[in-house]
Amino acid sequence: GDNATGVLTVASRVSFFSRSSLELVQMGALRVHAYYDAGANDPAVPAAERRARAGRLSSSSVRVGTVLLPDYELRVGYNELEEQIHFDQSLGVEAQEAIGHFFGRWLSGYEQTLLCVGPVGNEAAFLDNISVTTTEVLGVPTPLFTGGLMAEEHTVRGWDVTTGASCDTFQQQTGRCVKGAVVYGKAPGRRSLLFRDLVYDAFFDAPFEYSATMRVHAGPLPIKFASFACRPSDKFARLRSVPGMWAFAPGHNHSYSPDPAVAQRQRLADSTVVLEGRPTEGAFFLAAEPQPGQANETDPPGRTGPCVLGLKDVDPFDCCFTTRFTAAACYYQARGEDSIPITASGNATLVVDDWELPAANFGATIARVPIGFTSALTDFRVGINGGPLGRQFFLEFTCEDIAFPPA
């Protein structure tokens with residue numbers, strides 16, 4: 001990729017079957033213009049309709065670049081050729097948006113249709129643009145994100161973005177303490193992919209509701225702290241890349257300084273994700289927070305503020321979000337499952353070499369990612385580190401404190 005020219009070159013192989021008796025050999029290089037119809041390639045459009053709509057040049061077809069076949073030949077029967085697709089963001093705003101749709105859907109695993117018009121650039125001009133063909137582009141076989149894990153250190157206690165240590169229970173403010181999940185992923189090809197500004201909204205397969213009771217232990221006696229009902233919603237959380245996301249991995253080094261003190265500051269400030277080329281699978285942390293409007297959708301009226309005594313420093317989130325990960329883990333554990341299937345949709349800035357596709361144009365949907373969980377999620381217990389009561393004060397709730405409506 002070259003950000004100076006706006007061009008990203010993708011090498012692939014194209015195959016087709018010719019029933020014609022005509023053969024063309026030693027033709028040399030063949031170039032065609034590539035067009036993409038974002039509406040026709042919407043994943044919700046049935047395959048037959050997609051091919052029909054995207055396979056004709058229309059006002060919604062946007063030129064996204066050029067396809068080059070370096071050694072074009074046509075023979076009777078099966079043909080397989082090397083090709084290069086040059087995606088060109090310098091073609092304008094519409095092209096940038098269309099390229100973003102294409103790559104987002106490709107990385108989501110969806111099949112798409114490119115329209116090829118050509119040849120172009122012939123010495124004999126009358127040969128230009130005499131052919132309109134389609135190319136079916138398969139999505140990646142393995143999703144960009146392959147799984148995740150919610151555990152005590154990541155989801156219950158969280159990470160202090162200023163020190164890299166576990167969060168103190170009196171320092172739970174958003175921006176100081178990040179909680180979420182470790183996510184696993186890998187690039188679909190041999191080339192590394194870098195992501196910035198990841199913002200993904202995660203959803204359950206179906207609306208999810210429950211009632212819960214939280215207990216506070218002050219000294220030896222448990223005190224019933226709050227009981228509440230969380231209304232049906234398929235919203236799980238918003239997951240994002242943030243400074244401090246690499247606190248969980250002290251050995252992580254993304255070209256940091258050789259000075260250990262400087263390297264730690266760089267690591268805690270780093271909010272980029274690099275997925276190495278296959279077959280390497282990487283792990284990275286994403287912070288979790290409620291989606292916009294989630295508290296109003298799930299919590300009882302007037303109960304959308306901080307859950308624990310209204311203290312943002314102790315718990316900045318509403319009660320339904322605070323208990324949501326445990327409730328989901330308990331629900332799926334009761335069904336004999338050890339992971340929670342979620343679908344995540346969102347945006348990120350994609351960087352290949354120095355070619356960059358802004359988050360405003362690039363988005364992807366990752367379907368049914370399994371998020372595993374440990375026993376710390378089904379037996380939630382977090383105490384205060386410091387303070388006048390020391391560790392004699394802690395918040396607790398377990399699967400026994402959560403009730404689900406009858407199936």
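The legends below describe close-up views of one predicted model.

**Figure 1. The whole chain of the predicted model, given as a setting for the closer views.** The chain holds seven helices and 20 strands, and its C-alpha trace spans about 90 × 55 × 35 Å along the principal axes. Of the 407 residues of the chain, 46% count as buried. When contacts with a separation of 6 or more are considered, 74% of them in the chain are accounted for by residues that stand 24 or more positions apart.

**Figure 2. An open sheet of six strands, with antiparallel pairing.** Following the sheet across, the reader meets the strands in the order β1-β4-β3-β2-β5-β6, with β1 (7-18) and β6 (131-137) as the edge strands, each of which pairs on one side only. From one strand to the next, the twist averages 35 degrees. As general background, the strands of a sheet pair through backbone hydrogen bonds, and this pairing may be either parallel or antiparallel. At one end of the order, strand β5 (residues 112-118) pairs with β6 in the antiparallel sense over seven bridges, and the residue in β6 that serves as bridge partner of G118 is S131.

**Figure 3. Two helices, α1 and α2, that lie across strands of the sheet.** Helix α1 is made up of residues 47-54 and lies across β5 and β6, where it runs at about 20 degrees to β5. Helix α2, which takes in residues 93-107, lies across β1, β2 (30-36), β3 (62-69), β4 (77-88), β5 and β6. The angle at which helix α2 runs to β3 is about 65 degrees.

**Figure 4. The surroundings of C320, a residue of helix α6.** Helix α6 covers residues 319-334, and within this helix C320 has a relative accessible area of 1%, which is under the limit of 20%, so C320 counts as buried. If its neighbours within four places in sequence are left aside, C320 is in contact with Y210, F228, A229, C230, T298 and D299. One of these, Y210, stands 110 residues away from C320 along the chain, and yet the C-alpha atoms of the two residues are separated by 9.1 Å.

**Figure 5. The loop residue G302, placed between two helices.** G302 lies in the loop that runs between α5 (294-298) and α6. Its relative accessibility is 78%, which is over the limit of 50%, so G302 counts as exposed. Along the chain, G302 and V161 are 141 residues apart, and in space their C-alpha atoms are separated by 31 Å.

**Figure 6. The largest cavity, with a volume of about 350 Å³.** In general, rolling a probe the size of a water molecule over the atoms shows where empty space is left. The structure holds three cavities of 30 Å³ or more, and the largest cavity is lined by 24 residues, of which Q172, K179, D315, T322 and F380 are the closest to its centre. Two or more residues of this lining are given by each of the elements α3 (152-157), α6, β18 (379-383) and β19 (393-398). Sorted by class, the lining of the largest cavity has 17 nonpolar, five polar and two charged residues.

**Figure 7. The second largest cavity, which holds about 80 Å³ of space.** The residues that line the second largest cavity are F145, G147, V183, Y200, L239, L286, I342, A344, V369 and I371. The elements that give two or more residues to this lining are β7 (145-150), β15 (339-352) and β17 (363-373). By class, the residues of the lining of the second largest cavity divide into nine nonpolar, one polar and no charged.

**Figure 8. The second largest pocket, in which about 310 Å³ of space lies.** This pocket is lined by 16 residues, and among these A206, P207, F208, Y331 and R335 are the closest to its centre. At least two residues of the lining are supplied by each of β11 (193-218) and α6, and β11 gives the most to the lining, with six residues. The lining of the second largest pocket divides into twelve nonpolar residues, no polar residues and four charged residues.

Methods
Residues numbered from 1 in each chain as written. Predicted model: local features only at pLDDT ≥ 70, side-chain atom pairs only at ≥ 80, totals over all residues. Heavy atoms only, no water. Helix = DSSP H or I, 4+ residues; strand = E, 2+ residues; numbered from the N terminus. Buried < 20%, exposed > 50% of the residue type's maximum accessible area, 1.4 Å probe, protein only. Contact = heavy atoms within 4.5 Å. Pairing = 2+ DSSP bridges. Axes fitted to C-alpha atoms, helices over the stretch in contact; angles between N-to-C directions. 1 Å grid on protein atoms, 1.4 Å probe; cavity = no way out; pocket = protein on both sides within 12 Å on 5 of 7 lines; lining within 4 Å. Points joined across faces, edges and corners; volume = space filled by probe spheres on them. Nonpolar A, V, L, I, M, F, W, Y, C, P; charged D, E, K, R; others polar.
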